[in-house]
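User: I would like a close look at one part of this model, the helix at the start of the chain and what it packs against, and then a careful walk through some other parts.

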Amino acid sequence: MEPRKVDEIIRLFPCFSYLSAQDWAQADTIRVAPSTLHPIAEGHYLKHAIFVLSGCIRIYKIGASGREVTLYRVRSGECCVLMMASILGETPYEASVQIESETDIALFPVEPFRKWMHDVPSVRKFIYRQFMDRFIHVSALLEQIAFGSVQERVAAYIMQRHEERGSDSEWIVLTHEQMAVDLGTAREVVSRMLRSFAQEGAIIVRRGKIAVADTGKLTSYASPL
């Protein structure tokens, strides 16, 4: 691998700074886009450990009814812990992947990666920390689904996306269907709640986008995700 690419990976993942030149010779980087065809879905056996350098991928589950629920997103400097569990346990992958934007990823073959988990403390510590962070996130998601009202969940979701949006735009580009998938509920439920928020003056809804009109009012409806 080119030294420039090695430096980029180490900048985002310092845990790999201890790898040898021979280790880096087995690594690769690729760029994927939403249109890129890939085999990673439930039941797939992974051949590489994947680490995101830039962009975003969505990790989701599909229920028996066909409804999707978003578990989490993997962004720059992160990895998918379900992929790590699959690789380390030598089991099929338990989720599916959607590439949401043009994404650069680093690839390491699974066999040397398993060895690094045993031999390189910095790699092991990073992966365990990722497991803990995701566990906390998914636990909060399950708690919201089980105990949170739809009003709280939708309001908290909009506030989260509002904070993540680019500073050059007041609009959150988002469809009712996308929100329903992320929240694990029905589109009709989301649409009804958005109409209620708009009537109260908390948000402005346009086709395919939402803007927060009254942050205080929307926050009063929300509980943290």
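Analyst: What follows begins with that helix and then turns to other helices, two single residues and a small sheet.

The model is a predicted one, and in it helix α1 covers residues 3-12, with Val6, Ile9 and Leu12 as its buried residues. Seen down the axis of α1, these buried residues fall within an arc of 135°, so they line one face of the helix. An α-helix has 3.6 residues a turn, so residues three or four places apart point the same way. On the other side of α1, the exposed residues are Pro3, Arg4, Asp7 and Arg11. As for the partners of the buried face, the buried residues of α1 pack against helix α2 (21-25) and against β1 (28-32), β2 (48-54) and β7 (103-109).

Helix α6 can be looked at by its span and its burial. With 15 residues, from 150 to 164, α6 should span 21 Å at 1.5 Å a residue, and its end C-alpha atoms are indeed 21 Å apart, which agrees. The buried residues of α6 are Arg153, Val154, Ala155, Ala156, Tyr157, Ile158, Met159 and His162.

Two single residues add detail. Ser86 lies in helix α3, residues 81-89, and is buried, because its relative accessible area is 4%, which is under the 20% cut-off. The side chain of Ser86 reaches the backbone oxygen of Thr91 at 2.4 Å, and, leaving aside residues up to four places away in sequence, Ser86 touches His44, Leu46, Thr91, Pro92 and Tyr93. Arg75, by contrast, lies in strand β4, residues 68-75, and is partly exposed, with a relative accessible area of 36%. Not counting residues up to four places away in sequence, Arg75 touches Val52, Gly55, Cys56 and Glu164.

The last part is a sheet. Three strands form an open sheet in the order β8-β10-β9, with antiparallel pairing, and its edge strands are β8 (171-173) and β9 (203-206), each of which pairs on one side only. Neighbouring strands of this sheet are turned by 25° against each other on average, direction ignored. Between β9 and β10 (residues 209-212), the antiparallel pairing runs over four bridges, and Val205 stands opposite Ile210 in β10. Helix α8, residues 187-199, packs on the sheet, where α8 touches β9 and β10, and the direction of α8 makes about 125° with that of β9.

How values were computed. Residues numbered from 1 in each chain as written. Predicted model: local features only at pLDDT ≥ 70, side-chain atom pairs only at ≥ 80, totals over all residues. Heavy atoms only, no water. Helix = DSSP H or I, 4+ residues; strand = E, 2+ residues; numbered from the N terminus. Expected span 1.5 Å × (residues − 1). Buried < 20%, exposed > 50% of the residue type's maximum accessible area, 1.4 Å probe, protein only. Arc of directions from axis to C-beta. Contact = heavy atoms within 4.5 Å. Polar contact = N/O pair within 3.5 Å; in protein donor to acceptor, adjacent residues only side chain to side chain. Pairing = 2+ DSSP bridges. Axes fitted to C-alpha atoms, helices over the stretch in contact; angles between N-to-C directions.
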